[in-house]
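Student: I am new to this structure and would like a close look at one part of it. Could you choose a sheet and walk me through its strands and what surrounds them?

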Amino acid sequence: MNAPVILDRRRVLQGGGALIVSFSLGRAFAQEGAAAGAKRPGSLATAPYLDSWLRIDADGRITAFTGKAELGQGFKTAFQQIAAEQLDVPFEAIHVVTADTRLTANEGYTAGSHSMQDSGTAILNAAAQVRELLIAEAARRLGLAAENLRTDNGAVVAPDSRRLAYGELVAADMLHVQAQPQSRLKDPATFKIMGHAVPRVDIPAKVTGGEAYVQDMRLPGMVHARVVRPPSYGAQLVECDSSAAEKLPGVVKVVRDGNFLAVVADKEFQAVKAMNALAAAATWKETVSLPRQDDLRNVLTSLPSQDSTILERSDPSMSGQKTLEATYTRPYQSHGSIGPSCAVAHVVDGAMTVWTHTQGVYPDRQAIAEMLRMSPASVRLIHVEGSGCYGHNGADDVAADAALIAHALPGRPVRVQWMREQEHTWEPFGPAMVTQLKASIDAGGRIADWNFAVWSNTHSMRPGGAGTLLAAQHMAQGFAVPPPKPLPLPEGGGDRNAIPLYTFANAHVVHHFIPEMPLRISAMRALGAYHNVFSIESFMDELAGLAGADPVEFRLRHLEDRRGRDVIEKAAREFGWKRDQKPQAGRGYGFAFARYKNLAAYCAIASEVEVNRETGRARLVRAVAAVDSGQVVNPDGLTNQIEGAIMQSMSWTLYESVSFDHTRITSIDWQTYPILRFDAVPDRIDVHIINRPGQPFLGSGETGQGPAAASIANAIAHAIGKRLRDLPLTRKRIKDAIDA
């Protein structure tokens with residue numbers, strides 16, 4: 001995998017003309033748009049110029065640009081479909097360029113299931129407006145009315161069959177105009193590419209051993225580096241005699257800056273051996289800093305918190321007769337990336353280029369530039385997919401490692417690859433959480449009073465400042481970790497999906513934000529929604545039992561949202577759900593529902609789980625999901641997202657938990673941090689899509705995690721007759737519940 005070709009506006013124009021973009025300066029343009037009072041859809045609101053999103057070369061080649069990072073969601077394929085559909089060209093005619101601080105708009109982080117609704121919406125509307133501009137230019141040249149022209153296969157066609165190819169119509173800066181608030185989108189009934197299954201463009205290299213990931217990158221003259229991490233949080237490097245490591249074959253340089261220690265070698269295994277020698281020569285002073293792992297519930301609820309009531313609803317005329325209380329917990333969890341984090345950095349003539357699988361090239365650029373005391377303009381970050389990443393894992397940190405080492409070794413590309421134990425020890429974990437619920441049922445079997453409280457840290461310590469990066473924290477002149485902050489609603493962080501979509505007469509929801517963070521934490525897929533939906537939907541099942549109601553009917557009883565009701569009814573129908581149904585011995589059925597963030601995609605999941613009562617082992621046998629993500633671009637891609645969400649959530653729910661003692665993280669490999677294995681994969685997962693042609697895109701990448709967890713938990717409770725409320729639902733916990 002080589003460095004990409006750098007596109008240059010002047011050079012392309014000299015070569016024959018083009019409708020061109022390199023990314024437009026978002027802040028200035030956004031201010032212009034704001035001054036004009038325009039409200040543009042998606043990310044056009046902050047990067048309003050059309051040439052931030054599309055380029056048409058004089059030879060007819062078309063490039064679409066997105067500031068989002070492809071992480072395996074498949075949006076690169078979907079964006080290609082969107083642009084091709086709206087421009088009336090074949091799918092293969094579009095080339096998509098993803099996040100690059102030199103070429104693409106600043107769309108912040110790729111997070112929160114925002115890619116389709118922000119970037120996809122921008123490309124959709126930009127492409128539609130570009131089509132209109134091309135038609136208008138053709139009408140001018142042909143002396144015809146624009147309404148008499150049509151587009152087809154990369155050309156504007158007149159009634160007499162005269163054709164003007166897009167490449168013939170382009171002119172310098174023709175697309176350097178601001179997007180209009182509304183574009184004339186094609187009628188979904190005419191779609192030839194959008195709404196149809198298209199094989200993902202990122203898959204072939206991944207399944208054939210091709211160059212698919214940043215881990216695969218090999219640049220001319222590249223050297224390999226390894227970092228010697230401290231053994232624990234806060235450890236100080238007392239001494240290190242690096243002379244033995246420096247004498248090893250292939251060693252190019254040892255880099256030390258305070259507690260940051262690394263070695264560079266010509267070949268990768270030489271770097272690994274030198275790292276081990278350097279680690280053996282290092283003496284560290286450690287401190288006891290971690291809480292009791294077996295008492296996380298009390299640890300979290302006793303830490304100082306900033307409390308806010310996020311929902312208050314009162315109807316004194318409604319009162320309950322039966323009351324239920326429950327507490328649910330989630331441990332710290334790792335991203336568990338199959339490929340440990342990796343980055344490549346190269347300094348040439350004082351300019352830094354970093355190839356990274358960060359989810360935010362612009363924020364990470366800002367942090368790295370601050371760490372190295374460089375101008376952000378002299379630092380370029382290019383996104384390259386990483387092998388296994390959803391959320392804030394070690395990607396940003398390893399990019400900083402590579403940048404710091406490359407800064408000390410200018411002229412040669414430096415590749416840094418973390419080791420497995422480094423990934424498991426030092427990545428930011430998904431935060432532990434505690435939820436407490438109390439509700440009452442009235443005489444008619446409805447929830448009369450609902451109380452929900454959640455305790456959690458912030459769910460994002462993503463880069464923006466240097467203090468978020470390990471390398472910057474460990475430097476001699478280190479940067480302080482910025483103070484953690486709660487993420488504001490309506491999207492939220494620890495309180496994401498804490499407000500139920502159901503309608504209750506009386507409701508009280510409180511978010512207890514905990515600033516103190518005993519373990520290093522940050523964003524993990526779905527943020528607080530995973531545990532909050534697990535808690536709410538588990539409790540809904542418990543309340544259905546208290547009311548003597550069927551779990552599906554009980555949910556519908558409390559839900560007014562029509563689209564939500566549709567996905568519940570669809571999942572239940574396709575599963576074959578029936579009131580009081582009896583599964584075969586050793587099995588149970590479970591159901592759960594949520595709308596992600598209460599504003600993105602809807603998802604309902606019915607599960608069948610088998611439990612071995614002798615061992616406590618639970619396995620998801622089959623899952624049936626229904627999803628409403630608005631207008632569907634690639635049904636295969638959406639299906640893949642929901643399947644992946646169910647599998648990932650199954651792993652979290654049944655297996656995953658970070659372990660630690662009072663000093664160190666102890667879950668440092670796949671034995672101490674188990675994940676889902678192939679022998680536990682479900683027999684089948686069926687995903688049923690409710691398409692809404694013409695409706696806005698709704699983010700779907702994280703809509704399934706919460707419902708999957710609760711559906712599995714509810715099925716386990718159905719199978720064994722006992723309720724488990726502490727994640728993960730391990731075989732030991734299940735066996736203990738059975739034996740009790």
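**A four-stranded sheet and its surroundings**

Tutor: Let's start with one pair of residues: Gly 590 has Ser 607, in strand β23, as its bridge partner. That bridge is part of a longer seam, for β22 and β23 (residues 602-611) run antiparallel and are joined by nine bridges. Now widen the view to the whole sheet. It is an open sheet of four strands, in the order β22-β23-β24-β25, and its pairing is mixed. At the edges stand β22 (587-595) and β25 (684-689), and because each has a single partner strand, one side of each is left without a neighbour in the sheet. From one strand to the next, the twist averages 15°.

Before going further, please keep in mind that this is a predicted model. The pLDDT of the protein chain averages 93, and 95% of the residues score at least 70. Residues 1-17 are another matter, with pLDDT below 50, although this stretch has 35 contacts in the model beyond near neighbours in sequence. Residues 19-36 also stay under 50 in pLDDT, and the model gives them 48 contacts beyond four places in sequence.

Back to the sheet, and to the helix that goes with it. Helix α17 (residues 635-654) lies across β23, β24 (618-628) and β25, and runs at about 135° to β25. Following this helix takes you to the largest pocket, where α17 gives the most to the lining, with nine residues. Another contributor is α6 (203-207), which, like α17, supplies at least two lining residues. In total, 34 residues line this pocket, and those nearest its centre are Ile 338, Gly 388, Tyr 390, Gly 644 and Gln 648. The space inside comes to about 1,200 Å³. By class, the lining has 15 nonpolar residues, twelve polar and seven charged.

The edge strand β22 leads somewhere else. Rolling a probe the size of a water molecule over the atoms shows where empty space is left. Counted this way, there are two cavities of 30 Å³ or more. The largest cavity holds about 90 Å³ of space. Which residues line the largest cavity? They are Asn 497, Ile 499, Pro 500, Leu 501, Tyr 502, Val 533, Ile 536, Glu 537, Phe 593, Ala 594, Arg 595 and Asn 598. Two elements give two or more residues each to this lining, namely β22 and α14 (529-547). Eight of the lining residues are nonpolar, two are polar and two are charged. So far, then, you have seen helix α17 lying across β23, β24 and β25, and strand β22 lending residues to the lining of the largest cavity.

The second largest cavity has about 30 Å³ of space. Its lining is made up of Pro 231, Ser 232, Tyr 233, Leu 290, Thr 425, Trp 426, Thr 663, Arg 664 and Ile 665. Here the classes are five nonpolar, three polar and one charged.

To set our sheet in context, look at another one as well. This open sheet has three strands in the order β5-β6-β7, with antiparallel pairing. Its edge strands, β5 (150-152) and β7 (163-165), each pair on one side only. With direction ignored, neighbouring strands here are turned by 30° against each other on average. Three bridges pair β5 with β6 (residues 155-157) in the antiparallel sense, and one bridge has Asp 152 facing its partner Ala 155 in β6. In the loop between β6 and β7 you will find Ser 161. Ser 161 has a positive phi of about 75°, although it is not a glycine.

Two peptide bonds make a nice last stop. The bond from Leu 489 to Pro 490 is cis, with omega near 20°, and Pro 490 sits in the loop between α13 (470-474) and β21 (506-513). The bond from Leu 727 to Pro 728 is also cis, with omega near -5°. Pro 728 belongs to the loop between α18 (705-720) and α19 (731-739).

Notes:
Residues numbered from 1 in each chain as written. Predicted model: local features only at pLDDT ≥ 70, side-chain atom pairs only at ≥ 80, totals over all residues. Heavy atoms only, no water. Pairing = 2+ DSSP bridges. Axes fitted to C-alpha atoms, helices over the stretch in contact; angles between N-to-C directions. Contact = heavy atoms within 4.5 Å. pLDDT = per-residue confidence, 0-100. 1 Å grid on protein atoms, 1.4 Å probe; cavity = no way out; pocket = protein on both sides within 12 Å on 5 of 7 lines; lining within 4 Å. Points joined across faces, edges and corners; volume = space filled by probe spheres on them. Nonpolar A, V, L, I, M, F, W, Y, C, P; charged D, E, K, R; others polar.
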